[in-house]
Every structure is written in C-alpha cells, then in structure tokens.
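Let's take a walk through a protein together. Keep the sequence and the 3D view side by side, and look up each spot as we get to it.

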Amino acid sequence: MSCNLCDSLDADVVSEIDREGRPLRSVICRACGLVRTDPMPSESRIEEYYAREYRRSYKGSPRPTARRVLRAMEVARDRHERLKPHLQGRQRVLDVGASSGEFLQVLRASGISAAGIEPNEAYSSWARDHLGLDVASTDWSRAEFPAGRFDAITLFHVLEHLADPVGALRRLAEWLTPDGLLVVEVPNVEGTCGSPRGRFHFAHLHHFNLVTLGAAGERAGLSVAWRHTSADGGNITVVLSRRAASAGTFTVTAGNHERVARLLRGHTAARHYLSPRTWLRPLTKAARHLRETAVCLRYRTAEDVARTLGAPGAGLPIDRDDRPALPAG
Ligand SMILES: [Zn+2]
C-alpha cells in the first residue's frame, strides 16, 4: 500500500507491535516521513473494531461521566483560546467528531451557534438531548452538506484515525466557503511526553508531524495559514485555508523522513524511564484527579458540569496554576 500523502511505496518498518504487545506493523514513508499502519486494515475491519471498542468503553457508562465532561471542557476552552483569532467573525462552524459537544458549547458561549457530527450515538444524542446542541449522529464520510456551507470546520483528534486522511480533508474542504478555514489537531509523532511503548495502537492509522500534516492539507487543495505545537509537544494543530490554495501541489521539507525516523529511534524506553518528567507525571495526574473529584462532588452530574462550565463567562473551578501558559495571540 502506498503513502496516503505522497504515493511512494518506499517505506521502513518502525514498529511491529501495538501498545499492548500485539502484532501491528507501522512503517515510515521514506519520501515524506508520514507514518502509517501497514497493511492498512479494511473498512469493515475498522468498523468492527470501533463497534467492539465502543461496547467495551461504554459498558456500565453509556453516557459521558462528569469527570470526562470536566476534562473535555478544559481541553475545549484551551483550544478555543488558541483558535479565537482565527474563528473570529466566523458564524457557520462545523465540529467534526464533536464527542459530547464540549467545543460546541464553548463556541455557543462565545456567540457562535456551531453544528457538530459525531458517530458515537450515545455521546451525540447526549449532547442533543441534555445540552440542546446541534449534533448529528454520523461521521464525515456519511454526512451530507452543500458545498460552501461553513466558514470554518474543526477536526480535533480525528484525522489520525482515518485510512484516507487526504481524501477526508478534500471532502471537508468542499463544505467550506471560498475563504473558509479547516482547523486540524492531531497527536504529534515527534512527541516524547508519553511512553514509546504506548505510541502505536490499532485506532491510529496515521502519525503526523507539522510537516506531513501541513502537506496533507496542501495535497487536499488547501494552504497552511498557521501551525502550532502544544507546550508538552504532544499535539500539533494547523489552520488550513481555502484562500490562496495550492491546487493540490504540496511541499515536504527536505530531510523530514530522516528527522522523524531519528526521533522514533531515539525515543527509547530507557531514555523515557530515565527522564524526571516520566516520574513527575503520575504525581501531576494524581493531583489533577483529586481536584477533579472535588469538582465532580460539587456538580454531581455530567449535565451540571457541562451547563455550568459552558455558560458564557463561566470561570474554571479548577486551580490551573500547574498548567503551561497559553501562547499569546
Ligand atoms: Zn509519503
């Protein structure tokens, strides 16, 4: 199977197992540096996986929990802070993979009545029924929107799950107005904040860095207007524009394959466990868990958390002093 970004067949194996030690081959394209699962699972295999995983994840809790909503709401607010300058004045926004609607709520609080699509029936119906959000229970490949319908489309942690990310971006770009924006956030293949053993798993079919993510947008006919890497290096975001679009020609920085391959080789278990950051992480997590527990006791239901934190001008009830400061602008 060829590279989804550059069509090259030339690739090197970077891993033979997934995070649970089961066989899963991942390869890096020697032409562009995009990392992918190889062979790519069939569509039916992917659908079967999600049906099974969803059953497992939601057993005993078919609806989002208060803690989950709280965490997602914090993430949604951080994203909105970063993206505000780009979204300003854009009224027709679509959030693809809207989950239980946290980003839509933050947009609503800022005066934008956005719509969402989310394939998980339990989460999408919860967002509709409990929060009154416009979330359709469908995915990007089945959704139908007229061309030029949206001023902006957001896609948070969706693209890495897709077998044909460039095809998806191309389809979403058609739903944008001529000066519309596509905002894409994915995990950073160059990120070293997690354990190297946890890097590969079945659900993530592609692994991008800023170079390959931007190039995927260009290949889909868009131009890169803004790039961002999270403070911990774990996530990357690009804002892609239809204006001044590239008609499908894309550029990959020379040496990108070597750079990504070197980073993957260098991120070893030994180095990971020798890093003080690795040992501080459980403490930070425990502290966060305690604070979340206190908040969840106060609000009790997921709906209460969502409503309270999603209200216009609502403050965050969590002490956030340990979080990295957001970049200005
Ligand atoms: Zn490639």
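What follows is a tour that starts at a metal site, moves on to a pocket, and ends with a few residues picked from along the chain. One thing to keep in mind: this is a predicted model.

Start with the metal. Which protein atoms hold the zinc ion? The donors are the SG atoms of Cys-3, Cys-6, Cys-29 and Cys-32, and they lie 2.3 Å from the zinc ion. Go along the sequence and you'll find these donor residues spaced as C-x2-C-x22-C-x2-C. Take Cys-6 and Cys-32, which are 26 residues apart and link distant parts of the chain. Cys-6 sits in the segment before strand 1 (11-17), while Cys-32 sits in the loop between strand 2 (23-29) and strand 3 (35-37).

How are the four donor atoms arranged around the zinc ion? The angles they subtend run from 99 to 119°, so the arrangement counts as tetrahedral. For that label, all angles have to lie between 85 and 135 degrees.

Now check how much of these cysteines you could touch from outside. Is Cys-3 buried or exposed? Its relative accessibility is 1%, so Cys-3 counts as buried. Cys-32 also comes out as buried, because its relative accessibility is 1%. Cys-6 has 21%, so it counts as partly exposed. The cut-off matters here: buried means under 20%.

With cysteines around, you might wonder about disulfides. A disulfide is a covalent bond between the sulfur atoms of two cysteines. How many disulfides does a search of the whole structure find? The result is zero. Further along the chain there is Cys-296, which is buried with a relative accessible area of 13%.

Stay with the start of the chain a little longer and look at the backbone. Asp-7 lies in the segment before strand 1. Asp-7 has a positive phi of about 75°, although it is not a glycine. With a relative accessible area of 44%, Asp-7 is partly exposed. His-157 is another residue other than glycine with a positive phi, near 55°. You'll find His-157 in the loop between strand 7 (150-156) and helix 5 (165-174), and it is partly exposed at 25%.

There's a further backbone feature to see at Pro-39. A cis peptide bond joins Asp-38 and Pro-39, with omega at about 0°. Pro-39 itself belongs to the loop between strand 3 and helix 1 (43-58).

Next, hunt for empty space. Rolling a probe the size of a water molecule over the atoms shows where empty space is left. The second largest pocket holds about 300 Å³ of space. Its lining is made of 17 residues, and those nearest its centre are Val-14, Ser-15, Pro-196, Phe-200 and Leu-264. Which element gives the most to this lining? That's strand 1, with five residues. Helix 7 (256-266) also supplies at least two. Sort the lining by class and you get eight nonpolar, three polar and six charged residues.

Helix 7 is worth another look, since Val-260 lies in it. Val-260 has 1% relative accessibility, so it counts as buried. Try picking Arg-36 as well: Val-260 and Arg-36 are 224 residues apart in sequence, yet their C-alpha atoms are 13 Å apart in space.

Pro-196, which you met in the pocket lining, makes another pair to try. Its partner is Arg-271 in helix 8 (residues 269-274). The two are 75 residues apart along the chain, and their C-alpha atoms are separated by 9.5 Å. Arg-271 is exposed, with a relative accessible area of 58%.

Finish with two more pairs. Leu-104, in helix 3 (residues 102-109), counts as buried at 1% relative accessibility. From Leu-104 to Gly-116 there are twelve residues in sequence and 7.2 Å in space, C-alpha to C-alpha. Pro-85, in helix 2 (residues 66-87), counts as partly exposed at 43%. Pro-85 and His-257 are 172 residues apart along the chain, with 32 Å between their C-alpha atoms.

Definitions and conventions: Residues are numbered from 1 along each chain as its sequence is written. This is a predicted model: local features need pLDDT of at least 70, side-chain atom pairs count only at pLDDT 80 or more; totals for chains, interfaces and linings use all residues. Side-chain values use heavy atoms; hydrogens and water are left out. A disulfide is a pair of cysteine sulfur atoms within 2.5 Å. Buried means under 20% relative accessible area, exposed over 50%, partly exposed in between (1.4 Å probe, protein chains only). Donors are N, O and S atoms within 2.8 Å of the metal (3.2 Å for Na, K and Ca); water is not among the atoms, so sites may look incomplete. Four donors count as tetrahedral if all angles lie between 85 and 135 degrees; four count as square planar and six as octahedral if opposite donors are over 155 degrees apart and all others between 65 and 115; anything else is irregular. Helices (H or I, at least four residues) and strands (E, at least two) are DSSP runs, numbered from the N terminus. On a 1 Å grid over the protein atoms alone, a cavity is a set of points where a 1.4 Å probe fits but cannot get out, and a pocket is an open set with protein on both sides within 12 Å along at least five of seven lines; lining residues have an atom within 4 Å of a point. Grid points are joined across faces, edges and corners, and a volume is the space filled by probe spheres set on the points. Ala, Val, Leu, Ile, Met, Phe, Trp, Tyr, Cys and Pro count as nonpolar, Asp, Glu, Lys and Arg as charged, and the others, Gly among them, as polar.
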